[in-house]
Amino acid sequence: MSAKTENNNEAFSIKTIIGPLLAVIVGMIMVILDSTAMNVALPGIVEDFKSDVSTMQWSITGYTLALAAVIPLAGWMTDRFGAKKIFLITIALFTLGSVLCSVAQNPEQLIIYRVIQGLGGGMVAPIGMAMVFRLAPPDKMGAVMGTLGVPMLLAPALGPVLAGYLVEYVTWHWIFLINLPIGIIALLVGMKFLPKVERKTVPSLDFLGIILAPIAFAMLAYGVSGGGKSWSSTETLTGLIVGGVALIIFIFVELRQKQPLLELRVFGSSDFRKGIVIAWLSQIALFGVMIIVPLFLQTVRGYGALDTGLILLPQALASGVIMPIGGRLYDKIGARPLAITGLSIITGALFMLSRISMDTTTGFIITCLVMMGAGMGLSMMAINTHVLQSAPRHLVSRVTPLTTAAQQVMVSFAVAGMTGFLTSRITDHMTETANPIEAAVAAYGDTFLLAAGIVLAGALLGTILRRPKQQPAHAPDDETKDANAAMMAGH
């Protein structure tokens with residue numbers, strides 16, 4: 001924090017940091033919009049490339065794995081090269097990846113360009129938010145968090161609607177091309193207003209971790225994707241074995257490192273282990289369903305992309321309305337009742353969706369989506385905060401890259417696993433009926449039922465959560481700020 005800011009705590013207002021805030025918010029909106037837009041655009045892209053869902057889902061899985069790969073590097077890179085420089089480079093890389101995606105000629109190109117996008121996008125939120133947090137005095141942090149929370153609530157709501165409009169009335173290429181002017185604005189505002197943060201001396205980088213982590217998670221996602229079709233196929237076994245071995249070596253390497261890429265020692269806390277497993281189960285089900293619902297609406301029910309985006313809008317709005325309530329309740333009653341209640345609501349909604357048929361009304365689907373959004377708003381912030389508070393204080397700033405990167409890995413597993421399972425169930429049901437629509441509807445029902453079972457497991461695990469014990473040691477002020485920033489970025 002600058003001396004100037006410290007001396008003017010009393011006079012501080014959001015206006016004094018509006019320039020840096022604007023640069024960060026524009027960058028974050030661009031990244032989050034793009035992540036949510038792909039869910040609605042996927043069916044159109046599959047059709048345009050004359051490909052299939054199990055191939056094209058890698059445009060999402062590759063992106064999330066790239067995000068996971070670079071998130072842990074954010075802290076080291078900013079300390080080594082300076083936060084402003086790295087933030088601008090990541091915005092430029094994301095914008096370049098977006099332009100390349102917009103001109104992709106085949107599935108392979110789109111997947112590669114999405115990986116480039118992810119390598120840029122992963123660091124935008126954690127670096128940008130950490131920079132803004134350092135500019136604000138501690139007693140004004142709530143106002144800053146509220147302002148930074150705007151893109152996190154708006155972008156998931158607007159992303160599907162904007163993508164739906166562009167896919168239906170222009171072309172899917174524009175969901176990427178629109179990032180060019182936004183990226184240029186973010187770069188110009190960032191160059192003008194972002195402060196130069198001092199570089200720090202940094203430990204040597206964990207190169208073995210950087211190499212092993214992407215291999216482990218990418219191969220495991222490949223194996224999970226193949227497992228949806230056959231758990232005994234060569235592709236599935238290769239992915240699971242290579243990924244599993246790489247993961248074991250990665251864990252061994254990280255536990256021996258003084259400055260590991262991911263701080264795995266925190267799993268020594270039983271409260272942390274319980275919380276993160278519940279978070280993973282809910283993330284796998286929710287993010288998997290976020291892909292499956294738009295596919296059902298467009299490929300089975302015949303809705304256009306814009307109508308699909310509008311049907312998804314109430315879910316994001318419900319989550320945005322309930323999340324602040326969940327945050328306030330967490331301070332009073334802790335994570336357990338919120339996790340149990342929220343995840344039970346999501347389980348109920350997914351079970352209702354598993355009974356879906358061609359006669360199911362749009363109102364019924366929207367009701368289920370609103371229930372899911374409300375359940376997510378109630379439980380996710382509470383679970384994530386519980387996980388953060390369960391970590392030893394001196395490891396807080398090292399834990400947030402772990403949980404944020406792990407969330408992206410779970411998203412990649414969810415997308416790969418759910419689309420693989422859906423494809424396999426459609427094939428199975430085709431042997432029972434001559435009607436492909438009936439087979440598809442039954443397969444979607446099976447997939448929603450699988451997701452309901454996964455969330456139910458999370459809700460049951462929620463019964464053993466307890467309030468984290470107060471840790472005696474306190475993280476330095478800057479570490480706490482970075483932790484808050486990274487936790488916000490992970491929502």
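This tour moves through the model in a series of selections, saying at each stop what is there.

The model is predicted, so that local features need pLDDT of at least 70 and side-chain atom pairs count only at pLDDT 80 or more, while totals for chains, interfaces and linings use all residues. Residues are numbered from 1 along each chain as its sequence is written, and side-chain values use heavy atoms, with hydrogens and water left out.

**Stop 1: D34 and R114**

Begin by selecting D34 and R114, whose side chains meet in a salt bridge with an N to O distance of 3.0 Å; the term stands for a side-chain nitrogen of Lys or Arg within 4 Å of a carboxyl oxygen of Asp or Glu. The pair links distant parts of the chain, with D34 in helix α2 (residues 18-48) and R114 in helix α7 (residues 107-135), 80 residues apart. Helices here are DSSP runs of H or I with at least four residues, numbered from the N terminus. Are these two residues buried or exposed? Both D34 and R114 are buried, where buried means under 20% relative accessible area, exposed means over 50%, and partly exposed lies in between, with a 1.4 Å probe and protein chains only. By the same cut-off the model has 5 salt bridges.

**Stop 2: the second largest cavity**

Keep D34 selected and add L33, A37, L162, A163, L166, I175, I178, N179 and I182, which together with D34 line the second largest cavity. The elements that give two or more residues to this lining are α2, α8 and α10 (179-193). About 70 Å³ of space lies in this cavity, and the count of cavities of 30 Å³ or more comes to 2. A cavity is a set of points, on a 1 Å grid over the protein atoms alone, where a 1.4 Å probe fits but cannot get out, and lining residues have an atom within 4 Å of a point; grid points are joined across faces, edges and corners, and the volume is the space filled by probe spheres set on the points. Colouring the lining by class gives 8 nonpolar, 1 polar and 1 charged residues, with Ala, Val, Leu, Ile, Met, Phe, Trp, Tyr, Cys and Pro counted as nonpolar, Asp, Glu, Lys and Arg as charged, and the others, Gly among them, as polar.

**Stop 3: along α2 and into the loop after it**

Next select V31, also found in helix α2, which counts as buried at 10% relative accessibility. Its C-alpha atom is separated by 9.7 Å from that of G183, although V31 and G183 are 152 residues apart along the chain.

Then move to K50, which lies in the loop between α2 and α3. The phi angle of K50 is near 50°, a positive value in a residue other than glycine, and K50 is exposed, with a relative accessible area of 75%. In the loop between α2 and α3 (53-56), select S51 as well; S51 counts as partly exposed at 23% relative accessibility. Drawing a C-alpha to C-alpha distance from S51 to N106 gives 9.1 Å for two residues that are 55 apart in sequence.

**Stop 4: a nonpolar surface patch**

Select Y165, Y169, V170 and W174, which make a nonpolar surface patch of about 430 Å². Such a patch joins nonpolar side chains (Val, Leu, Ile, Met, Phe, Trp, Tyr) within 5 Å, taken from residues with over 30% relative accessible area and no salt bridge. Within the patch, Y169 is found in helix α8 (residues 141-169) and counts as exposed, at 52% relative accessibility.

**Stop 5: R425, D428 and D446**

Which residues are linked with R425 in a network of salt bridges? The network consists of R425, D428 and D446. R425 pairs with D428, the closest N and O atoms being 3.0 Å apart, and both lie in helix α17 (residues 396-430), 3 residues apart, about one turn of the helix. R425 also forms a salt bridge with D446, where the closest N and O atoms are 2.9 Å apart. D446 lies in helix α18 (residues 436-461) and R425 in α17, so this pair ties together parts that are 21 residues apart in sequence. Partly exposed residues here are R425 at 22%, D428 at 34% and D446 at 21% relative accessibility.

**Stop 6: S357 and V441**

Finish with S357, in the loop between α15 (335-353) and α16 (362-390), which counts as partly exposed at 28% relative accessibility. The C-alpha atoms of S357 and V441 are separated by 6.2 Å, with their positions 84 residues apart along the chain.

How values were computed. Patch = residues over 30% accessible without salt bridge, like charges linked within 9 Å, V, L, I, M, F, W, Y side chains within 5 Å. Areas by Shrake-Rupley, 256 points an atom, 1.4 Å probe, with all protein chains shown as cover. 1 Å grid on protein atoms, 1.4 Å probe; cavity = no way out; pocket = protein on both sides within 12 Å on 5 of 7 lines; lining within 4 Å.
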